[in-house]
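Work through these exercises with the model open. Try each task before you read its solution.

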Amino acid sequence: MSDEKSIQDRPGEISFFDFVPLARENVAEMLPYIPGKPILEVQEEYGLGKVIKLSSNECPFDLPTSLGDAVAKAAWGGNRYPDALCRRLRGKVAKNLGVGEENLIFANGAEEGIRLIAQVFLNQGDKAIIPTPIFDAYNVATRLMGAVPICLPLKKYRIDLEGILLACEQNSDVKLVWLCSPSNPTGDVLKKQELDSFLARLPQNIMVVLDEAYAEFVTDDQAARTEDYLEKDPRVIGLRTFSKAYGLAGFRVGYLVAHPGVINLVNNVKLPFNVNSSALIAAEYMLDEKEFARKHVNLVVAERQFMGAELCKRGFEVPESQASFLFVKLPRNLKKNGVDIFKLLLPKGFIVRPGTAFGVPEYFRMSLGVREDNLGFLRELDKILA
Ligand SMILES: Cc1ncc(COP(=O)(O)O)c(C=O)c1O
């Protein structure tokens with residue numbers, strides 16, 4: 001008799017296989033992240049040769065073949081643990097950003113950085129402010145710690161800093177504010193002046209996360225940057241990633257930019273070897289190989305202007321984006337929502353992100369691809385509109 005059977009057969013005992021009552025309360029009620037549909041799955045489902053994935057804000061360029069050589073070389077050293085402190089990469093990033101090495105700590109993508117911040121600062125029952133719609137990871141990390149998200153609506157596609165200050169006044173246990181700039185899914189940026197005035201009025205015991213996963217695509221020189229706050233306001237914790245401008249989403253390297261006191265606390269909780277050897281080599285390589293990221297940023301800046309104008313011409317509402325994607329509102333007379341558009345484009349080989357993922361069904365979000373793919377996308381969209 002198998003162990004499974006013998007456990008099931010014991011009368012009066014809870015079913016060993018109903019794990020939910022055994023899980024932590026906040027875990028049992030969570031839902032899994034739904035990633036963008038993989039290219040291979042769409043190819044197989046619809047028998048397509050080419051599929052353009054515009055749903056996960058990835059880089060549309062293939063990585064340099066020379067990167068493969070560098071990573072392959074590093075694989076020979078895979079019998080050793082990676083450098084837990086990412087010293088070489090840390091030195092390079094510090095130089096690149098003009099910050100101290102003590103202001104940086106690396107993670108398995110910015111997403112792990114989000115978890116680490118929640119682990120360090122959020123106690124059970126603490127409150128955290130989350131502008132909404134926004135990247136879902138803040139909500140997940142907050143709830144995972146047993147903390148309570150206070151979700152505040154955006155105001156005309158912008159994070160409502162006044163609304164956040166009011167919520168901090170009205171709620172005694174706010175510990176942390178999650179901000180994102182450029183924000184996902186709107187692409188809007190917070191300006192230095194706005195953030196300065198916000199921080200001046202925010203109670204001293206509240207931490208502020210500034211997720212700048214798309215920082216490299218920003219052309220607005222008034223946009224707030226974490227580097228400017230390291231000296232001025234130690235409550236600000238910045239998040240950056242190699243997944244976007246540097247095209248390394250599959251390698252998983254992100255980092256925090258913060259006061260050394262915050263970095264030390266994060267170092268207390270992070271897994272020692274959270275960034276693997278290949279990822280470290282890849283990030284260093286792409287940082288040195290400046291041309292790839294520059295080319296990618298130039299493409300995004302040109303395409304977001306081009307596609308923004310093209311979509312507006314067709315009656316869509318597209319807020320100005322400083323990121324590598326556009327947030328697109330469907331015209332009411334189209335009588336279709338973001339899921340309809342997603343489903344109609346899928347068999348044509350284009351994957352977008354329906355707004356339902358953010359709780360706004362009348363929208364979809366699309367990453368900016370290369371011109372040829374963007375034109376192909378518009379052709380298919382035109383057929384839907386006809
Ligand atoms: C705002 C924002 N932060 C963080 C991430 C995750 O970045 P990473 O791939 O480094 O985990 C994303 C990914 O889409 C994002 O949109």
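Four exercises follow, each with a worked solution.

Residue numbers start from 1 along each chain as its sequence is written. The model is predicted: local features need pLDDT of at least 70, side-chain atom pairs count only at pLDDT 80 or more, and totals for chains, interfaces and linings use all residues.

**Exercise 1. Overall build**

Task: State how many helices and strands the protein has.

Solution.
- Count DSSP runs numbered from the N terminus: helices are H or I with at least four residues, strands are E with at least two.
- The protein comes to 14 helices and 12 strands.
- Its radius of gyration, taken over C-alpha atoms, is 22 Å.
- The globule rule (2.2 Å times the number of residues to the power 0.38) gives 21 Å for 386 residues, so the protein is as compact as a globular protein of that length.

**Exercise 2. The sheet**

Task: Find which strands stand at the edges of the sheet.

Solution.
- Strands pair if DSSP finds at least two bridges between them.
- The order in this open sheet of 7 strands is β2-β8-β7-β6-β5-β3-β4, and the pairing is mixed.
- β2 (104-107) and β4 (148-153) are the edges; each has a single partner strand, so one side of each is left without a neighbour in the sheet.
- Inspect one pair: β3 (residues 127-132) and β5 (residues 174-180) run in the parallel sense over 3 bridges.
- Isoleucine 129 is opposite valine 177 in β5.

**Exercise 3. Two helix pairs**

Task: Describe how α4 packs on α11, then how α6 crosses α7.

Solution.
- Two packed helices are described by the angle between their axes and the distance between the axes.
- Axes are lines fitted to C-alpha atoms, for helices over the stretch in contact; angles run from 0 to 180 degrees between N-to-C directions.
- α4 (residues 65-75) and α11 (residues 277-288) pack at about 145°, with axes 9 Å apart.
- Their contact (C-beta atoms, placed from the backbone, within 7 Å) includes Leu67 and Val71 in α4, and Ile281 and Tyr285 in α11.
- That contact divides into 9 nonpolar, 2 polar and no charged residues.
- Ala, Val, Leu, Ile, Met, Phe, Trp, Tyr, Cys and Pro count as nonpolar, Asp, Glu, Lys and Arg as charged, the others, Gly among them, as polar.
- α6 (residues 110-121) and α7 (residues 137-144) have axes that come within 9 Å and cross at roughly 35°.
- The contact of α6 with α7 holds 6 nonpolar, 1 polar and 2 charged residues.

**Exercise 4. The ligand shell**

Task: Name the residues that come nearest the ligand.

Solution.
- A residue is near if its C-beta atom, placed from the backbone, lies within 6 Å.
- Of 13 residues around the ligand, Gly109, Ala110, Glu111, Thr241 and Ser243 come nearest.
- The shell divides into 5 nonpolar, 6 polar and 2 charged.
- Glu111 also lies in α6, among the residues that meet α7.

Methods:
Contact = placed C-beta atoms within 7 Å.
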